[in-house]
Amino acid sequence: MTDLGLGSMRAHERFLDGRVVVKVGDITQEAVDAVVNAANGTLMGGGGVDGAIHRAGGPAILEECRDIRATRYADGLPTGGAVLTTAGRMPARHVIHTVGPVYGSGGPDKEEKLSECYRNSLSIAAEAGLTTVAFPAISTGIYGYPMDEAAAVSSQAIQDALR
């Protein structure tokens with residue numbers, strides 16, 4: 001997470017001269033420019049972080065996701081892709097939806113696809129002029145990506161993007 005204040009989450013460690021803060025808590029309560037949603041390709045909500053973000057943000061998020069599906073991604077958002085919507089009723093201003101790889105069936109490029117999630121999310125944030133972004137541990141829930149491997153991939157992708 002790149003954050004200027006600590007918000008509702010408890011900070012554990014800071015990296016890259018304080019530009020990255022690792023926190024534990026409820027991402028839906030973060031007052032940042034954008035929270036990243038570990039979405040599924042349908043963009044219609046689901047379980048885990050995806051379901052929590054859709055529930056907390058309300059129908060405005062789903063409405064924008066439906067529009068994105070109708071106009072840009074009729075077959076669903078591809079793995080590694082990212083799109084921006086409103087955050088609805090959440091304290092954040094926006095949600096960046098990204099689809100992580102499924103570890104067991106992600107193929108040989110699953111590390112690259114996970115890295116793309118972080119790079120593409122940060123690219124969208126930069127294009128929109130957003131400066132604080134909260135990430136969940138993408139693909140580490142139901143998608144089964146081991147936490148230690150995902151942490152290494154995400155750390156490198158974020159570090160590269162911030163350069």
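**Notebook: G80, helix α1 and two helix pairs**

I began with G80, which counts as buried at 1% relative accessibility. The cut-off I applied for buried is under 20% relative accessible area. I note here that the model is predicted.

Next I looked up where G80 sits, and found it in the loop between α2 and β4 (82-86). I then listed what G80 is in contact with, leaving aside neighbours within four places in sequence: T98, V99, K113, E116, C117 and N120. I also checked G80 against G41. The two are 39 residues apart in sequence, and their C-alpha atoms are 9.9 Å apart in space.

**Helix α1**

I turned to α1, residues 48-57, and asked which of its residues are buried. I found D50, G51, I53, H54 and G57. Viewed down the axis of α1, these buried residues fall within an arc of 165°, so they line one face of the helix. I recalled that an α-helix has 3.6 residues a turn, so residues three or four places apart point the same way. On the other side of α1 I noted G48 and R55 as exposed.

What covers the buried residues of α1? My list includes β3 (34-39), α2 (59-71) and β5 (94-99). Just after α1 comes G58, and I read its phi as positive, near 85°.

**α1 against α2**

I looked up how α1 and α2 are placed. Their axes come within 6 Å and cross at roughly 115°. The two helices are therefore roughly perpendicular to each other. From α1, I53, H54 and G57 meet P59, I61, L62 and C65 of α2. By class I recorded 5 nonpolar, 2 polar and no charged residues in this contact. I53, H54 and G57 had already appeared in my list of buried residues in α1.

**α3 against α4**

Last I took α3 (residues 110-127) and α4 (residues 147-162), which pack at an angle of about 40° with their axes 9 Å apart. That makes α3 oblique to α4. I noted the crossing of α3 past α4 as right-handed.

Which residues meet here? On the α3 side I wrote down E111, L114, S115, Y118, R119 and L122. On the α4 side I wrote down A150, V153, S154, A157, I158 and A161. By class, the contact of α3 with α4 has 8 nonpolar, 2 polar and 2 charged residues.

Notes: Residues are numbered from 1 along each chain as its sequence is written. This is a predicted model: local features need pLDDT of at least 70, side-chain atom pairs count only at pLDDT 80 or more; totals for chains, interfaces and linings use all residues. Side-chain values use heavy atoms; hydrogens and water are left out. Axes are lines fitted to C-alpha atoms, for helices over the stretch in contact, and angles run from 0 to 180 degrees between N-to-C directions. Helices (H or I, at least four residues) and strands (E, at least two) are DSSP runs, numbered from the N terminus. Angles under 35 degrees count as roughly parallel, over 145 as roughly antiparallel, 65 to 115 as roughly perpendicular and the rest as oblique. A crossing is left-handed if the near helix is turned anticlockwise from the far one by less than a right angle, and right-handed if clockwise. Contact means heavy atoms within 4.5 Å. Ala, Val, Leu, Ile, Met, Phe, Trp, Tyr, Cys and Pro count as nonpolar, Asp, Glu, Lys and Arg as charged, and the others, Gly among them, as polar. Buried means under 20% relative accessible area, exposed over 50%, partly exposed in between (1.4 Å probe, protein chains only). The arc is that of the directions from the helix axis to the C-beta atoms.
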